[in-house]
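Me: I should like to go through this model and ask, for each assignment, what supports it. Please set each value against the criterion that applies.

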Amino acid sequence: MSILVDKNTRLIVQGITGREGGFHTEQMLEYGTNVVAGVTPGKGGTEFAGVPVFDSVEDAKRATNANASVIFVPGPFAADAILEAEAADIPFVCAITEGIPQKDMVRAVNRVRENGKTRLLGPNCAGIISPELCKIGIMPGHIFRKGPVGLVSRSGTLTYEIVNELTLAGLGQSTCVGIGGDPLLGTRFVDVLPLFESDEETQAVVLIGEIGGNDEEAASEMIRTMSKPVVAFISGRTAPPGKRMGHAGAIISGGVGGPESKVSALEGAGAKVADSTTEIPVLVREALAARA
Amino acid sequence: MKLQEYQAKELLEKFRVPVPAGSVATNGGEAREIAERLGGRVVVKAQVLMGGRGKAGGVKVFDDAEQASVFAADLIGKRLVSVQNPQGMVVEKVLVSERIEIEKEFYSAILLDRAAQRDTIMVSAKGGMDIEEVAASEPEAIVRLAVDSKWGLCDYEIRAALVAAKINPRAHRQMVPMIHALYSAYKESDATLLEINPCALTKDGKVVAADAKVIIDDNALFRHPDYAALGSESAEDPIEAEAVARGIAYVRLDGEIGVIGNGAGLVMLTLDEIAKTGKKAANFLDVGGGAQADRVRSCVELIFMDPRVKGLLINIFGGITRGDEVAKGVVEALQDLKVQVPVVVRVEGTNAEEARSILATANLTPAKTVQEAAEKIASLVGS
């Protein structure tokens, strides 16, 4: 079992003929993801890496019966690409693009939520992977292994760093979900945690948060009600207030988003908060042993 | 990007938000003309994006145009230094505007409420003071109104917010259209923050935006070529300005260890690990994907523009880009630039072993973990 994506995922790549979209399409195909179509307006009827390209998501869905889409479209056009996929009734849409204007995302996130027919993951995320089954996004597939750990994270490379340590420690993953580093996200910690709680394969959850916003505090309320153990890590603990640390969402402002409140909320809810990344596999192993 | 006060007020005027009459001047003569037109009773404000501008001597009120122009002429070209910005900034422009007689000061702002995922109007009767302090000591004094993203803002909602915030009723009739206008300015300019502090009720019963802070979404500058062209004028730090020009995600911090990493989360982790050794990082820098030699070279150059940097820590997770390729790029860049200070490089991920042997032959200090890298650079930099 896995969450959100598996062998039945039939993927469209929006922006397949662009540099990033093209490169990662090849990487996803190599991993075994079932990429059934690409979309680039004006390039319908052509092929990329053996994948048929269409002018619109609607055309692509009609021809291939796709049930997921990943977006590599540049920032100025990416929110529109999200809405196009939603309008075509694609149930799962993952936006990798970084740098989408905030105004465009306010509109997109609210419409997607109100209509309730599409789950949006991202934007500004690394994607999602269920090892050996399906990879949607830009992460290096070979560092992941199948196993009992569900992982959800706001950061890309920090996830690779931690997954690498988990894998080296013999702790495989059920699904790893990159929710993204933006202030406005389609899917937040609170949306992913219940999926792991009800997933049979997942035995422990690793939550990787960072400064900015209060999604970790909201997640803590949910962790309180979960039966599965949660190990958490917060990065940016020494970042000064008012500075945006790379991710658009990683900023302490108006007294909100500091690390102390996140760590104490998580600990208060019973999560084990690691002080360093190397501690994570140790805490996960302990949590699994206590559960067995 | 943050707008200068005069740019923010020009934006507001375009949307019919009342602001004190005035204009921007680049020399004493222009300042005199503006001051005379305004009848001599004016305030002259240095247009620099730094905190503590008033205490640094950048703001002064006058009763006649002559004195105002002498002050403006003296101020332009001068470097203002404040506690918040010890390096200081050179004044290129001053804003000359009418003095207003303030009876009451309010606060109004528009920004994104991340949790609600909506634009939010904030109003408070506690104007003219640090709003973060108000938020901490009297959170109930700030009233929030979330804007329905589909249907927009209604008058009755604004009126209810003004009542709840205990804003003087004499100001309500003017503030309702003003808040509509502020929201239009926020939306049309792709602002991520529009703050009026203070929003003033004058003795003659007018409501005006006495000061304005506007931040425009960098990701939306393609829709605003006028702002995009301002470029470095909007930078608060010269190295950060250079980073924007080079397209590098860089934030200046106040330590002595330069940091390069790939991915925001990994760089934040690196800063945290440096802090654990008792040292401080000089910067945040995300090199982005790939980490090819020319990109690394550009980042290293940028970091050494800060004279306080005594050592460099490079932390790269090689994912799809293999670690040995990253290591080659790092070695090439550092040799090209003849970097003299200690450098610790940690490359993990794909082909990490090969990467470490490339680094070792190039006389760089390799490290296996982030923790080890932080400890090594801290001890090499010494006390």
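**Domains, interface and contacts**

Reply: In this predicted model, chain A is divided into domain 1 (11-121) and domain 2 (140-291). The C-alpha centres of domain 1 of chain A and domain 2 of chain A are 26 Å apart.

Me: How do you know that domain 1 of chain A and domain 2 of chain A are in contact?

Reply: Contact requires heavy atoms within 4.5 Å. By that criterion, nine residues of domain 1 of chain A are in contact with 11 residues of domain 2 of chain A. Between them the two domains bury about 880 Å², and 57% of this area is on carbon and sulfur atoms.

Me: What polar contacts and salt bridges are found between domain 1 of chain A and domain 2 of chain A?

Reply: The count of salt bridges between these domains is zero. The rule for polar contact finds one residue pair across the interface, both residues being at pLDDT 80 or more. On the side of domain 1 of chain A that touches domain 2 of chain A, α4 (102-115) and β7 (119-121) of chain A each supply at least two residues. Of these, α4(A) gives the most, with four residues. By class, that side of domain 1 of chain A has six nonpolar, one polar and two charged residues.

Me: What makes up the interface of chain A and chain B?

Reply: Here 59 residues of chain A are in contact with 46 residues of chain B. Chain A and chain B bury about 3,800 Å² between them, with 55% of it on carbon and sulfur atoms. The rule finds six salt bridges across this interface.

Me: Why is the pair A:E114 and B:K150 called a salt bridge?

Reply: The criterion is a side-chain nitrogen of Lys or Arg within 4 Å of a carboxyl oxygen of Asp or Glu. The closest N and O atoms of A:E114 and B:K150 are 3.4 Å apart. That value satisfies the cut-off, and therefore the pair is called a salt bridge.

Me: Which other contacts and which elements belong to the interface of chain A and chain B?

Reply: There are 17 residue pairs in polar contact across it, with both residues at pLDDT 80 or more. On the side of chain A that touches chain B, α1 (19-31), α4, α5 (157-168) and β13 (230-235) of chain A each supply at least two residues. The largest share, eight residues, comes from α4(A). By class, this side of chain A has 22 nonpolar, 24 polar and 13 charged residues.

Me: How many aromatic pairs does a search of the whole structure find, and why is the pair of A:Y160 and B:F317 called tilted?

Reply: The search finds three aromatic pairs over all chains. For A:Y160 and B:F317, the ring centres are 6.1 Å apart and the planes are at 55°. Rings pair if their centres lie within 6.5 Å, and planes neither under 30 nor over 60 degrees apart count as tilted. The two values meet these conditions, so the pair is tilted. The pair crosses between chains, from A:Y160 in helix α5 of chain A to B:F317 in strand β16 (residues 311-318) of chain B.

Me: What makes B:E157 and B:C154 a polar contact?

Reply: B:E157 lies in helix α6 (residues 155-164) of chain B. Its side chain reaches the backbone nitrogen of B:C154 at 2.9 Å. The cut-off for N or O atoms is 3.5 Å, so this distance falls within it.

Methods:
Residues are numbered from 1 along each chain as its sequence is written. Chains are lettered from A and ligands numbered from 1 in the order in which they are written. This is a predicted model: local features need pLDDT of at least 70, side-chain atom pairs count only at pLDDT 80 or more; totals for chains, interfaces and linings use all residues. Side-chain values use heavy atoms; hydrogens and water are left out. Domain bounds come from an automatic or database domain assignment. Buried area is the accessible area (1.4 Å probe) that two parts lose on being put together, summed over both. A polar contact is a pair of N or O atoms within 3.5 Å; within protein, one must be able to donate a hydrogen and the other to accept it, and residues adjacent in sequence count only if both atoms are side-chain atoms. Ala, Val, Leu, Ile, Met, Phe, Trp, Tyr, Cys and Pro count as nonpolar, Asp, Glu, Lys and Arg as charged, and the others, Gly among them, as polar. Rings of Phe, Tyr and Trp (its six-membered ring) pair if their centres lie within 6.5 Å; planes under 30 degrees apart count as stacked, over 60 as edge-to-face and the rest as tilted.
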